Amino acid sequence: MNIAETPPTERRRKALAAVKELGPQRTEQAVLKVRCPASHTVAAVYKTTEGPVVVSASGPGGRGSRDREATGHHGDKLDSEFVDTLEATQFEDDVIPAGCACGPRTLSRKKLQDAVASHTHVVNLT
Ligand SMILES: [Zn+2]
């Protein structure tokens with residue numbers, strides 16, 4: 001995929017498909033995990049066929065289990081999470097929406113890129 005020439009919606013659709021290909025055991029394949037001070041996993045980066053893909057939880061206030069029916073019969077949790085390739089065009093926002101039980105957070109795409117590039121495996125938020 002040519003990130004620079006792929007529209008963001010198409011890019012995210014491909015990223016989602018690539019993460020789903022990893023299967024239910026994908027947490028073991030995370031190259032980077034982002035944790036809050038209470039050790040919740042806020043986001044994770046996976047190596048996929050489309051390159052590094054970030055998956056972040058929507059946190060409280062996002063679509064909860066009560067709304068699950070609205071997502072259709074497959075009900076994959078990924079559909080309520082933010083999924084995108086770690087790489088993006090320079091014209092896009094650096095902010096990645098995320099959250100955990102402690103509340104909503106925003107992550108810096110650049111900081112996650114730097115963490116992956118430096119082979120950091122866990123980023124602890126403060
Ligand atoms: Zn938390």
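Let me start with His 40, which is partly exposed in this predicted model, because its relative accessible area comes to 29%, a value that lies between the limits of under 20% for buried and over 50% for exposed. His 40 matters to this talk as a donor to the zinc ion, which is coordinated through ND1 of His 40 and through the SG atoms of Cys 36, Cys 100 and Cys 102, at 2.0 to 2.3 Å. Cys 36, by contrast with the partly exposed histidine, is buried, since its relative accessible area is 3%. If you look at the angles that the 4 donor atoms subtend around the zinc ion, you will find them running from 103 to 117°, and the arrangement is therefore tetrahedral. Along the sequence, the spacing of these donor residues can be written C-x3-H-x59-C-x1-C.

While we are in this part of the chain, please look at Ser 39, which sits in the loop between strand 1 and strand 2. Its phi is positive, about 65°, although Ser 39 is not a glycine. Is Ser 39 buried or exposed? With a relative accessible area of 54%, Ser 39 is exposed, because the cut-off for that class is over 50%.

Let me now step back to the chain as a whole, which has 2 helices and 7 strands, and whose elements, read from the N terminus, follow the order α-β-β-β-β-β-β-α-β. Of the 126 residues in the chain, 38% are buried. Among the contacts with a separation of 6 or more, 62% are between residues 24 or more positions apart.

That brings me to the interior. The largest nonpolar core contains 17 residues, and those with the most contacts inside it are Val 34, Val 42, Val 54, Leu 107 and Leu 112. At least two residues of this core come from each of strand 1 (30-35), strand 2 (41-48), strand 5 (95-100) and helix 2 (109-117). There is also a second, separate core of 9 residues, with Ala 15, Val 55, Leu 78 and Val 83 among them.

Val 42 is a useful place to pause, so to speak, with the viewer open. Setting aside its neighbours within four places in sequence, Val 42 makes contact with a list of residues that includes Val 34, Ala 98, Leu 107 and Leu 125. The zinc donors Cys 36 and Cys 100 are also among the residues in contact with Val 42.

Next, the helices, beginning with helix 1, residues 8-21. How far apart should its ends be, at 1.5 Å a residue? The expected span for these 14 residues is 20 Å, and the end C-alpha atoms are indeed 20 Å apart, so the two values agree. The buried residues in helix 1 are Arg 11, Ala 15, Ala 18 and Val 19. They lie on the same side of helix 1, because the arc they cover around the axis is only 100°. As general background, an α-helix has 3.6 residues a turn, so residues three or four places apart point the same way. The buried residues of helix 1 pack against strand 2, strand 3 (51-56), strand 4 (82-85) and helix 2, whereas Thr 9 and Glu 21, on the other side of helix 1, are exposed. Just after this helix, Gly 23 adopts a positive phi of about 85°.

Helix 2 can be read in the same manner. Here Arg 109, Leu 112, Ala 115 and Val 116 are buried. Viewed down the axis, these buried residues fall within an arc of 120°, so they line one face of helix 2. The face turned away from that buried side carries Lys 111 and Ala 117, which are exposed. Lys 110 also lies in helix 2, and counts as partly exposed because its relative accessibility is 44%. The C-alpha atoms of Lys 110 and Ala 88 are separated by 9.7 Å, with their positions 22 residues apart along the chain.

I will finish with His 119, found in the loop between helix 2 and strand 7 (122-124). What is its phi? The value for His 119 is near 60°, which is positive in a residue other than glycine. His 119 counts as exposed, because its relative accessibility is 64%.

Technical notes: Residues numbered from 1 in each chain as written. Predicted model: local features only at pLDDT ≥ 70, side-chain atom pairs only at ≥ 80, totals over all residues. Heavy atoms only, no water. Core = buried A, V, L, I, M, F, W, Y, C linked by side-chain atoms within 4.5 Å. Buried < 20%, exposed > 50% of the residue type's maximum accessible area, 1.4 Å probe, protein only. Helix = DSSP H or I, 4+ residues; strand = E, 2+ residues; numbered from the N terminus. Contact = heavy atoms within 4.5 Å. Donors = N, O, S within 2.8 Å, 3.2 Å for Na, K, Ca; no water. Tetrahedral: all angles 85-135°; square planar, octahedral: opposite > 155°, others 65-115°. Expected span 1.5 Å × (residues − 1). Arc of directions from axis to C-beta.
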